[in-house]
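User: Hi! I have a new structure open and I'd love some help finding my way around. Can we go through it together?

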Amino acid sequence: MHINNHVLSARGIGKTVKSGESDLVILREIDLAVTPGEAVAVVGASGSGKSTLLAILAGLDTPSAGSVSIEGSELFSLDEDERAELRGRSVGFVFQSFQLLPALTALENVMLPFELSGQNDAEAQAREMLVRVGLGERLQHYPKHLSGGEQQRVALARAFVVRPKLLFADEPTGSLDAESGAAVIRLLFEMNREYGTTLVLVTHDEQLASKCARVLRLAAGRIVS
Amino acid sequence: MNQAWRMLARDWRAGELRVLALALAIAVASVTSVAFFADRVGQVLVRDAHQLLGADLVLVSDHPWNPEISREIQERGLEGAAALNFVSMAFAGERNQLAGVKAVTPNYPLRGRLRIAPAPGAPDAPAERGPEKGSVWLDEQLVSGLGAPVGSRVRLGRAELRVAAVLTLEPERSANFFNIAPRLMMNAEDVPATTLIQTGSRVWYYLYAAGRPEQVNAFDQFIKPRLERGQHSENLETGRPRVRESIDRAERFLGLTALLAAVLAGVAIALGTRRFVERHLDGCAVMRCLGATQRRLVWLYGLEFSLLGFAACAAGVVLGFIAQQAIGAALSELLRSELPAPGALPAVQGFLVGLVLLLGFAMPPLLRLKNVPAVRVMRRESAPNTNYYFSYLVGALAFGGMLIWQAGDLKLGGYVVGGFAAAVLVFFAMAWAVLKLLTRPAVVRGFGRRLRYGLINLRRHARGNAVQVASLALGLTAVLLLTFTRNDLVDAWRRSAPPDAPNRFLVGVQPDQLKEVQTFFDSKNIVRPELYPMVRARLVAVNGRPVSEADYAEERAKRLVEREFNLSYMTELPSHNQIAAGRWLDPGAAELSVEQGIAERLGWRLGDELTWTVGGESFSARITSLRRLRWDSMKVNFFVIAPPRVLAGMPTSFVSAFRVEPGGEAVLNELSQRFPNLTIVDVAAAVRQAQEVIDQLVNAVQFIFLFTLGAGLLVLYTALVATEDERRREAAVMRVYGASRAQVTGAQRVEFLAMGAVAGILASLGAAAIGQLLARRVFELDLPPSAALWIAGPLAGIALLSLNAWLSSRKVLRASPAATLRDSV
């Protein structure tokens, strides 16, 4: 594998946690590399370690062994703040539980990434992105006034508004009904193509996984295919 | 900065920060109200110090000054003036009133100006000199009390004098705020004609000096070593040390009370910030995913809270300013001065207290946010580890330091901090114990379903509930003390005087008037009052060792020793006295019987020999008994009694106490007219006046205690709100499993009723205990239990907690169970 051509690469990733008196191995010897613009799905049964892997790949969690690099930067040679800065520049997230800030309106939620980086012209771009996801009429609504599907669309808008190089999605349709889920998936892939983002997606939904160019199957902490 | 403003606006909009802001505002308001008021009072003391002294140097004595001193003042080229101060009855027609008489030389005051008016309420003007011979100036209170307008005549002793003006400003008096006897100012030359200054009269003699600073200083150096016992000097630097002391003490007390309110507010801030942090953990994790660094998070939240803090402190300062106006209004009758506008320093003090509160109580939980791991977005159980207690310790220590600083005295500050901490712990422990006992399974089983669930909840949240109960109990105790207990103490004191107790004191009967006075009473069919001889003596030595006020550290002891004692002589032990130790006097020996309390205060013991001087003559006698007195019997009491052979022949006047039934005032008028040098004190009126003063002081203090109650309520509210999410989920689950709204509200109502009742009972217990302590140890009264206190406490507790519960629980039941459960996932 040539690290230079990959937007995301991981080598020898392992994760072990203490469980009572013994050690529990969640991930073993995971290697992977993702090229720019690729859409990769990580699938596996519940408890297979896919969310743990995603968290490590995104730099949200530290591995017990191995290394990860994003755009050539070794993630775990950076400190937590440096990783945060890297995320702010290059990475977007979509979560199963949407993770919108309840005290902010839809518009303010989408503006948040810009505000955190100190940019003052956030509103226009956020507005545009919300219109893009079909929520132009719901800008001033709070998350509690939006359905699950609508909340996830706001989350998509927030993820894409900064034009990230890399987008991590953890079970993006896990909390949605079939119809909302389908709508969200459609949007996700459309925007992915539109903005040329590299997508790494964790899911147990085989149908969703099939839409990705590559599917990595996790079982008992290893990539089996 | 912009982002912090935005965060503040959004969190405020969501209602997250209102309680915090309110707690901070209350704390700052409490402290600044006292500080503003104290600043204004302090300014009066400092403002134009010359004015307050009436001179550059004032010499005060409890016996006449040696004429050489006045000569010395003149010879040194200083301006000099003199005055006498004493209390006497003033008469106008049928009416009479106790007046504070000041007889001055025409050139008084040497600094500052007196102001007079032609009638009460009319515009006043500065007076060039003091009252003319033959005339008096009365203050407004005396004019209305005597019904003696300008132009009328008043009688003082044997002299009749014309009322020439209404005295509106007397510089020296403005520094002595709490004057009970209204002022009558007269010309010093008229005093002999009154014949009021006799043996036994308590008169203060003043000499005033003014001149160039170096002249005044030189004279001050000259006079200081020559001052005798019972004499002291005051100058621009020392100001009015006694007045300043009492004002300082009052300010310290008020300041401490205000700070206690601030401490309670700090607890509310800590609880509120904890909840804020808990509700923002997820949001912070998201922000970490979106690129926010730890430093940025700390900076943003720190800035947000600083902006909130600044706004809340500003609101608190404004509220404090308004409150101190109210305090001033409550005390307006007592304060005889126009208070100037306050300075800006109290506002700074308020901000400082706010800053300590924020740093000590809000910052520790806030700092938790910086350690939120980003992975929390995917693993909810990931939470930053914190040890709150160490970080709160810093806030508690900072506040402890402020309390000690405010007390001005390490010991007092220590008592206050220790007492408050002990009260909090005791209330918390008792609340927790009662709640646990009340909700033991054996007890709960005996109740119906609705009650049972409420009691189970009470047990489950015992620790959190105990915090709420303790905080409400603290605030309520303060209010109950000031209302019920205060009234109960006054009533008990009133009741302690037997119904036929004397209601008049008669002072100043001369030996040659004894028979005539007794005949007068006989002629009016009034039981002859017992006339006790009184000899004014000064203590000079104990067991041969000279004694002075410098030998004592305690203020009251110093005062006692500095002044003259009122001794008496008799052969029989008075009926309202009891021998506590030793034996009654041997009429043939040089012995003394001393009151127990004063002996303890001054360190006297049985067998000690005390040496006294009376008008130049000295004598010694040994203490052979200690006595217990009943001060509330209203009979005449003496600290020191000797057998007649020790004191007879020394300058003596006679005093008595007797009873006049309503309608018998005409007899008193006649007595005064026949014997104009006598002073007749209406005890009931004096008590009423003192009561009014106390009422006004308590009203002022109540404002501060209201802040304490407000802060206590906030603690209660934040503690309730902290459990709101949990209660909401519980209610939703209950309803999912079939409970009706009535059942859910019923269970919560039981919980809050029980807590309110417990808090109220604890508060009643606290107020009753403190009341008993005050009654027995300070006032020596019997204070019977008060039914009203024990009813009011629990009722108030239930009412307040129900109000709080209603405010915080409305949301619990409004949302549908599905929505609640979905939101809580």
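**A walk through the sheets and the interface**

Analyst: Happy to! This is a predicted model, and a good place to begin is one residue: A:Ala10 stands opposite A:Val68 in strand E4 of chain A.

User: Cool. What is the bridge partner of A:Ala10 in E2(A)?

Analyst: That partner is A:Leu32. So you can find A:Ala10 with A:Val68 in E4(A) and with A:Leu32 in E2(A).

User: How many bridges join E1(A) to E4(A), and which way do they run?

Analyst: Five bridges join them, and the two strands run antiparallel. E1 covers residues 8–19 of chain A, and its pairing with E2(A) is antiparallel too, over nine bridges. Another pair to look for there is A:Lys15 with its bridge partner A:Leu27 in E2(A).

User: What about the turn between E1(A) and E2(A), how many residues sit between the strands?

Analyst: Two residues lie between the strands of that hairpin. Look for A:Gly20 there, which takes a positive phi near 70°.

User: What is the strand order in the whole sheet?

Analyst: The order is E2-E1-E4-E5 in chain A, an open sheet of four strands with antiparallel pairing. Strand E2 (22–34) and strand E5 (73–74) are at the edges with a single partner strand each, so one side of each has no neighbour in the sheet.

User: Which helix lies across E1, E2 and E4 of chain A?

Analyst: That is helix H1, residues 50–57 of chain A, and it runs at about 60° to E2(A).

User: Back to A:Lys15. Which residue forms a salt bridge with it?

Analyst: A:Asp61 does, and the closest N and O atoms are 3.6 Å apart. A:Asp61 is in the loop between H1 and E4 of chain A while A:Lys15 is in strand E1, so the pair ties together parts that are 46 residues apart in sequence.

User: Why can side chains like that pair?

Analyst: Side chains of opposite charge can do so when their charged atoms come close. The count over all chains comes to 38 salt bridges in this model.

User: How many of the salt bridges are across the interface of chain A and chain B?

Analyst: Six are found across that interface. In one of them, the side chains of B:Arg288 and A:Glu80 meet at 3.1 Å, N to O. On the side of chain A that touches chain B, the elements giving two or more residues are H1, helix H2 (80–90) and helix H3 (106–116). That side has 14 nonpolar, six polar and nine charged residues.

User: And how much area do the two chains bury between them?

Analyst: About 2,400 Å², with 56% of it on carbon and sulfur atoms. In terms of contacts, 29 residues of chain A meet 26 residues of chain B. There are also 12 residue pairs in polar contact across the interface, counting pairs with both residues at pLDDT 80 or more.

User: New topic! What is the order of strands in the six-stranded sheet of chain A?

Analyst: The order is E6-E7-E8-E3-E9-E10, again an open sheet, with mixed pairing. E6 and strand E10 (222–223) stand at the edges with a single partner strand each, so one side of each is without a neighbour in the sheet. Strand E3 (39–43) and strand E9 (214–219) pair in the parallel sense over four bridges. There, A:Val40 stands opposite A:Arg214 in E9(A). Helix H6 (residues 178–195) packs on this sheet and touches E3, strand E7 (166–170) and strand E8 (198–203) of chain A. The direction of H6 makes about 160° with that of E8(A).

User: Last one: which peptide bond is cis, the one from B:Tyr108 to which residue?

Analyst: It goes from B:Tyr108 to B:Pro109, with omega near -5°. B:Pro109 is in the loop between strand E3 (95–104) and strand E4 (115–117) of chain B. For another backbone detail, visit A:Gln99, a residue other than glycine with a positive phi near 55°. A:Gln99 is in the loop between strand E6 (91–94) and H3 of chain A.

Notes. Residues numbered from 1 in each chain as written. Chains lettered and ligands numbered in written order. Heavy atoms only, no water. Pairing = 2+ DSSP bridges. Contact = heavy atoms within 4.5 Å. Axes fitted to C-alpha atoms, helices over the stretch in contact; angles between N-to-C directions. Buried area = accessible area lost by both parts, 1.4 Å probe. Salt bridge = Lys/Arg side-chain N within 4 Å of Asp/Glu carboxyl O. Polar contact = N/O pair within 3.5 Å; in protein donor to acceptor, adjacent residues only side chain to side chain. Nonpolar A, V, L, I, M, F, W, Y, C, P; charged D, E, K, R; others polar.
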